[in-house]
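Visitor: Hi, could you walk me through this one? I'd like to ask things as they come to me.
Guide: Sure, ask away.

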Amino acid sequence: MSTKISELLAIMSRLRSVDGCPWDRQQTFASIAPYTVEEAYEVADAIERGDLADLKSELGDLLFQVVFHAQMASEADEFDFEAVAGAICDKLTRRHPHVFGAGGPLSVAEQSSAWENIKAEERGAAAVSALHGVPNALPALLRAYKLSKRAARVGFDFEHAGQCADKVDEELAEVRAAAGDANGAAPAGAASQIFEEIGDLLFAAANLARKLDVDAEAALRAANAKFERRFRGMESLAAQRGQVFAEMDLTAQESLWQAVKRGE
């Protein structure tokens with residue numbers, strides 16, 4: 001084990017010791033889990049920004065989360081960091097037989113298919129459903145993508161993307177019907193139905209993305225970034241013109257939006 005990994009493990013052990021940090025000592029798997037998810041998102045954010053210096057720092061924070069969980073498991077006599085590393089080594093070797101076994105070279109598509117087949121074999125008899133093992137804690141859009149992908153593996157899928165698009169249209173029509181008239185006046189007691197139909201619409205959109213081989217989560221992040229960039233551009237343009245964006249009417253704001261779009 002490298003010197004720095006050993007040092008990190010020693011620091012973690014000290015933090016959890018009797019004379020260590022009170023905050024670290026009182027943590028549990030459940031209390032630390034949100035921080036683990038947060039650090040993973042911060043890694044993704046650094047990658048999207050192309051900030052490699054920050055990526056190094058964020059990867060360290062994420063590694064610390066792994067070490068933290070391993071330390072708590074070691075204290076419970078369940079497993080330690082060495083076992084965690086050993087488990088992923090075994091998994092990677094097992095899931096790459098074309099590299100570490102007798103199999104020949106595979107294309108990216110062939111490897112992706114083989115990877116999913118091996119994972120399905122690993123789930124084996126323990127999988128009471130084709131959807132078994134899709135984590136509940138995933139972001140909802142990503143989970144929708146994975147659920148529809150699992151269903152497709154056993155044949156429950158549209159034949160082509162056009163049918164998925166038709167389903168999106170169908171779900172949008174159901175949202176409109178639940179929401180009421182064109183002025184947005186929803187029928188009394190319709191909130192729960194609107195909630196359900198919106199969910200169906202989002203699921204259908206995620207399924208369409210999968211069928212078109214688009215990462216729905218990444219596509220939505222890109223759309224969020226575009227909206228934020230353009231919105232901030234509108235605010236800046238309004239300020240340059242001596243206007244207060246929040247005090248402008250919608251027509252004037254839309255004019256700014258179009259100006260920002262044209263300037264991109």
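Visitor: Is Val84 buried, exposed or partly exposed?
Guide: Val84 is partly exposed, because its relative accessible area is 31% (buried is under 20%, exposed over 50%, partly exposed in between, with a 1.4 Å probe and protein chains only). Do keep in mind that this is a predicted model, where local features need pLDDT of at least 70, side-chain atom pairs count only at pLDDT 80 or more, and totals for chains, interfaces and linings use all residues. Residues are numbered from 1 along each chain as its sequence is written, and side-chain values use heavy atoms, leaving out hydrogens and water.

Visitor: Where does Val84 lie?
Guide: In helix H5, residues 81–94. Helices here are DSSP runs (H or I) of at least four residues, numbered from the N terminus.

Visitor: Which residues make the nonpolar surface patch?
Guide: Val84 joins Leu63, Val66 and Phe79 in a patch of about 270 Å². Patch members have over 30% relative accessible area and no salt bridge, and nonpolar side chains (Val, Leu, Ile, Met, Phe, Trp, Tyr) are joined within 5 Å, like charges within 9 Å. A salt bridge would be a side-chain nitrogen of Lys or Arg within 4 Å of a carboxyl oxygen of Asp or Glu. The areas come from the Shrake-Rupley method with a 1.4 Å probe.

Visitor: What about Gln65, buried or exposed?
Guide: Gln65 counts as buried, because its relative accessibility is 6%. Gln65 is in helix H4, residues 52–75.

Visitor: And what does Gln65 touch?
Guide: Leaving aside residues up to four places away in sequence, Gln65 touches Ile32, Tyr35, Thr36 and Glu39. Contact means heavy atoms within 4.5 Å.

Visitor: Switching to rings: how many aromatic pairs are there?
Guide: Five, taking rings of Phe, Tyr and Trp (its six-membered ring) with centres within 6.5 Å; planes under 30 degrees apart are stacked, over 60 edge-to-face, the rest tilted. Trp23 and Tyr35 are edge-to-face, because their ring centres are 5.8 Å apart and their planes at 80 degrees. That pair links distant parts of the chain, with Trp23 in helix H2 (residues 22–26) and Tyr35 in helix H3 (residues 29–49), 12 residues apart.

Visitor: How covered is Trp23?
Guide: Trp23 is partly exposed, at 38% relative accessibility, and Tyr35 is partly exposed at 38%.
Another pair is Phe231 with Phe245, edge-to-face at 5.2 Å centre to centre and 75 degrees between the planes. Phe231 sits in helix H11 (residues 216–240), and Phe245 in the loop between H11 and helix H12 (250–263), 14 residues apart.

Visitor: Why does Phe245 count as buried?
Guide: Because its relative accessibility is 13%. Phe231, at 29%, is partly exposed. Phe231 and Phe245 belong to one aromatic cluster with Phe227 and Trp257.

Visitor: Which residues make up the largest nonpolar core?
Guide: Eight residues: Met234, Leu237, Ala238, Phe245, Met248, Leu256, Trp257 and Val260. H11 and H12 each supply at least two of them. A core here is a set of buried Ala, Val, Leu, Ile, Met, Phe, Trp, Tyr and Cys residues joined through side-chain atoms within 4.5 Å.

Visitor: Last thing, which residue in the loop between H4 and H5 has a positive phi?
Guide: Asp77, with phi near 60 degrees though not a glycine, in the loop between H4 and H5. Asp77 counts as exposed, because its relative accessibility is 71%. Asp213 also has a positive phi of about 60 degrees, and is found in the loop between helix H10 (191–211) and H11. At 68% relative accessible area, Asp213 is exposed.

Technical notes
Helix = DSSP H or I, 4+ residues; strand = E, 2+ residues; numbered from the N terminus.
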